[in-house]
Amino acid sequence: MIKKFKFIDLFAGLGGFHLGAQNLGGECVFASEINQVLRENYERNFGLFPEGDINDVKIGEIPEHDLLCAGFPCQPFSKAGSQLGWKDATRGTLFSVIAQIIEAKKPKLVILENVANFINHDNGNTYQQVVETLNELGYEVSSTKISPHRYGIPQHRERMYIVAARNLEGFKWPVPTDTPTSIYSVLEDTPSDFKALPQHILELLNLWQEFLELLPKDIAIPYFPLWSMEAGATYPLEKPIDKYKAKDLWPYKGSFGVSLEGLRMEEIKKRLPSHALRKVGFPKWKISFIERNRAFFEKNNEHISSWLEKIQAYPSSFQKLEWNNKDGERSVWKHLIQIRASGIRVKRLDYAPALVSASDTQIPVLPWLKRYMSVKECARLQCMEDITMPPSIYDSYEALGNAVNVKIVQLIIEKLLECLPVELKSPNEEKEQELALA
């Protein structure tokens, strides 16, 4: 086993990295977190009060450490291949501060976390600069995308992880177990810290259930997202709406087949779906997608015409359905649901949607219980059920949406610790290695 090592926790949040490293024998010697509520919560859990804005921290005062952990925000870096190298390319970004700490303190190991699409951020420039910077600082780098559901945790939440060490020769990414999962494994019998579904959401789910029941059983629910506002719509898709004159659009119909005849452009736009007002027009794939929606609603209008009148009373995001449960029972009440700007997502019980920080209303919905997942249940999805959460459930939901998964980072750190120099390993482990080489 690894002997005691020291680590720092940057952009600490709820302390996911802290828990993962601590479970492996690590001692946290420094943490930073800009959110005051989370700073106070971190101290309650770990007895360490994090510094605030990382930009205000004096790097020289950060203690020496073996492992640097950071789930940092991504910002566009400079593309100007400057002669100053990484210092110029990353200036003004939060990663630049991380790089300065690495340069000054020379930790033996580094682990970074970001969103799955990080590799494509700023057309790949951000990821490239991170790797090049770590290389310039003397580190070998490896990266991959990992989702908890591959490791027995019922949450599909892919994230990008980047590890670095002076020598990564002994490092291997954790092997997925791919064991079956179920949302029931994290549910509480008598939760207390949860939000009940408001009446308008219950009514909305009832309405989408009505849609499912009106649709004949021999007609498959489309695999593509359903946009009910495209029912009866004929407005042109070939170029942006702003490229047309109002009278050019008079022969067409807008959302739910409303006539555009004789209207001024301002009134026409009010009768079109928000996605039709793009300044750059539609890509080919979206044109195909909208055309399939129109064809579906035209073909099935006789079954759902009365339903279409009812759904128009709801906001645009509620008029969309993503049925991600191909052969499952046609019931919104027996599946996981997530309500997002892109629509009502219906998922299987073995597929827990990713926690997001944007809004507490996007927390996974348990429709059969008529409530959102509780804070405790969401904490279990992040393997954080044993720590204290912020007093406000809204702060807790948001923080959990931003958090790293403890089990995942612990698995990665455990593998990364194999790259530590021999002097940080226990005498027993050194002896075992000597015997193995003999």
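**Figure 1. Strand β6, enclosed on its way through the model.** Seven of the seven residues of β6 are buried, so this strand is largely enclosed by the rest of the structure. Please keep in mind, here and in the views that follow, that the model is predicted. Arg159, Tyr161, Val163 and Ala165 point one way from β6, while Met160, Ile162 and Ala164 point the other way. All of these side chains belong to buried residues.

**Figure 2. The two neighbours of β6.** Here we look at the pairing around the strand. β4 and β6 run antiparallel and are joined by seven bridges; valine 115 has arginine 159 of β6 as its bridge partner. β5 and β6 also run antiparallel, again with seven bridges, and serine 143 can be found opposite isoleucine 162 of β6.

**Figure 3. The whole sheet.** Stepping back, we meet an open sheet of six strands in the order β2-β1-β3-β4-β6-β5, with mixed pairing. β2 (26-31) and β5 (140-146) are its edge strands, each pairing on one side only. From one strand to the next, the twist averages 20°. A parallel part of the sheet is formed by β1 and β3, which pair over four bridges; have a look at aspartate 9, which stands opposite cysteine 69 in β3.

**Figure 4. Helices on the sheet.** α5 packs on the sheet and touches β4, β5 and β6 (159-165). The direction of α5 makes about 145° with that of β5. Helix α12 (residues 406-416) lies across β3, β4, β5 and β6, and runs at about 20° to β6.

**Figure 5. Helix α4 and its surroundings.** This helix covers residues 94-105, twelve in number, and reaches 17 Å from its first C-alpha to its last, close to the expected 16 Å. α4 is mostly covered, with nine of its twelve residues buried. Among the buried ones are Leu94, Phe95, Val97, Ile98, Ile101 and Ile102, and Lys105 is also one of them. The helix's buried residues pack against three strands and two helices: β1 (5-10), β3 (67-70), β4 (109-115), α3 (86-89) and α5 (125-136). Just after α4, look for lysine 106, which takes a positive phi of about 50°.

**Figure 6. Two domains in one chain.** The final view takes in the protein chain, which is divided into domain 1 (5-180 + 386-428) and domain 2 (199-372). Taken over C-alpha atoms, the centres of domain 1 and domain 2 are separated by 39 Å.

Terms used. Residues are numbered from 1 along each chain as its sequence is written. This is a predicted model: local features need pLDDT of at least 70, side-chain atom pairs count only at pLDDT 80 or more; totals for chains, interfaces and linings use all residues. Side-chain values use heavy atoms; hydrogens and water are left out. The expected span of a helix is 1.5 Å times one less than its number of residues. Buried means under 20% relative accessible area, exposed over 50%, partly exposed in between (1.4 Å probe, protein chains only). Contact means heavy atoms within 4.5 Å. Two strands pair if DSSP finds at least two bridges between them. Axes are lines fitted to C-alpha atoms, for helices over the stretch in contact, and angles run from 0 to 180 degrees between N-to-C directions. Domain bounds come from an automatic or database domain assignment.
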